[in-house]
Amino acid sequence: MTVLVAVVDNGGFTAAARALGLPLPTVSRKLAELESHLGTRLLNRSTRRIALTDAGQDYLSACKRILEEIGDAERKVAGEYVAPKGELVISAPIVFGRLHVIPVISEFLAKHPDIDIRIVLSDRNAHLLDDDIDLAVRIGRLRDSSMVATQVGMVRQITCGSPNYFAANGIPKVPRDLQKLSVITFEA
C-alpha cells in the first residue's frame, strides 16, 4: 500500500523509490506483487507517465485512509498526540491532599483542559487496581514493591508535646529519651 501511494504521490517510480529510500527495481517489483495479489491492474504505465485505473483509484483511496488510521494508531500508542485527554484518578491522604495536591491539580487542569481529574482523599491506602486509581500520593515507605514509585519530596518527623506534659516529665534531649515518655504516634 505504501509503495502505491508513494508512486502516485511522487508522480512515478523513480521519484517514489527516492522518497522511500528503496532501489527502483524493488519499488517496481513490490507494485507488481501487489497487483498480482489483488488480481487486477492498479496503474497504466507508459514511458512518460502513470495513470490510475478505476480499480487503482478506489484502492488508492482505501490505502490512504488505512495508512492514515495506522499512523494515528501508532501516534496514539506512542503518546505523540499534542493534547492529553481522558480521566485521571488520584489518591492522596486527606490533609496532604488538601494542602499540597489540590493546588497542583488546579495548575495542571489549567494547562490540560481535556483531562478530567477525580481525587480520592483518604487516610487509608487504597488499592490502586481494585479502586481504579491511576496515581497515588503516599507518605512513608512503600509496602508493595510491585508498584512503580517516584520520590517527589521528603517529610520531616517532629516530636511535640504540651508545656504541662514536659513540665511534669521533662523535655527529651536526644531520641533515646523518648523511650521513657508516653507517646501517641500516627501512621498513614
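The following dialogue explains how several descriptions of this predicted model are reached.

Visitor: What makes serine 91 count as buried?

Guide: Buried means under 20% relative accessible area. Serine 91 has 1% relative accessibility, and therefore counts as buried. Its place is in strand β3. Leaving aside residues up to four places away in sequence, serine 91 touches Val120, Ala126, Ile133, Leu135, Ala136, Val137 and Arg138.

Visitor: Why is lysine 173 called exposed?

Guide: The term exposed requires a relative accessible area over 50%. Lysine 173 stands at 69%, so it counts as exposed. This lysine 173 lies in the segment after α6, which covers residues 163-169.

Visitor: How far is lysine 173 from threonine 14 in space?

Guide: From C-alpha to C-alpha, lysine 173 and threonine 14 are 85 Å apart, and in sequence they are 159 residues apart.

Visitor: How do you know whether aspartate 132 is buried or exposed?

Guide: The cut-off for exposed is again over 50%. With a relative accessible area of 55%, aspartate 132 is therefore exposed. Aspartate 132 is found in the loop between β4 and β5. Although aspartate 132 is not a glycine, it has a positive phi of about 55°.

Visitor: Which residue just after α1 takes a positive phi?

Guide: That residue is glycine 11, with a phi of about 80°. Helix α1 itself covers residues 2-10, and its buried residues are Val3, Leu4, Val5, Ala6 and Val7. These buried residues pack against α2, α3, β1 (43-45), β2 (50-52) and α4 (54-78).

Visitor: What makes α2 roughly perpendicular to α3?

Guide: Helix α2 (residues 13-20) and helix α3 (residues 24-38) pack at an angle of about 105°, and their axes are 8 Å apart. Angles from 65 to 115 degrees count as roughly perpendicular, so α2 is roughly perpendicular to α3. In this contact, α2 contributes Phe13, Thr14, Ala16, Ala17 and Leu20, while α3 contributes Leu24, Val27, Ser28 and Leu31.

Visitor: How many residues of each class does the contact of α2 with α3 have?

Guide: There are seven nonpolar residues, two polar residues and no charged residues in the contact of α2 with α3.

Visitor: How do you know that β3 and β4 pair?

Guide: Two strands pair if at least two bridges are found between them. Strand β3 (residues 86-92) and strand β4 (residues 115-121) have seven bridges, in the parallel sense. Between these strands the chain passes through helix α5 (residues 94-111), in a β-α-β crossover that is right-handed. Within the pairing, serine 91 stands opposite valine 120 in β4, and valine 89 stands opposite arginine 118 in β4.

Visitor: How does α5 lie with respect to these strands?

Guide: Helix α5 lies across β3 and β4, and runs at about 175° to β4. Angles over 145 degrees count as roughly antiparallel, so α5, at about 175°, is roughly antiparallel to β4.

Visitor: What makes β4 and β5 edge strands?

Guide: Three strands form an open sheet in the order β4-β3-β5, with parallel pairing. The strands β4 and β5 (135-136) each pair on one side only, and are the edge strands.

Conventions
Residues numbered from 1 in each chain as written. Predicted model: local features only at pLDDT ≥ 70, side-chain atom pairs only at ≥ 80, totals over all residues. Heavy atoms only, no water. Helix = DSSP H or I, 4+ residues; strand = E, 2+ residues; numbered from the N terminus. Right-handed = clockwise from strand over helix to strand, strands pointing away. Axes fitted to C-alpha atoms, helices over the stretch in contact; angles between N-to-C directions. Parallel < 35°, antiparallel > 145°, perpendicular 65-115°, else oblique. Contact = heavy atoms within 4.5 Å. Nonpolar A, V, L, I, M, F, W, Y, C, P; charged D, E, K, R; others polar. Buried < 20%, exposed > 50% of the residue type's maximum accessible area, 1.4 Å probe, protein only.
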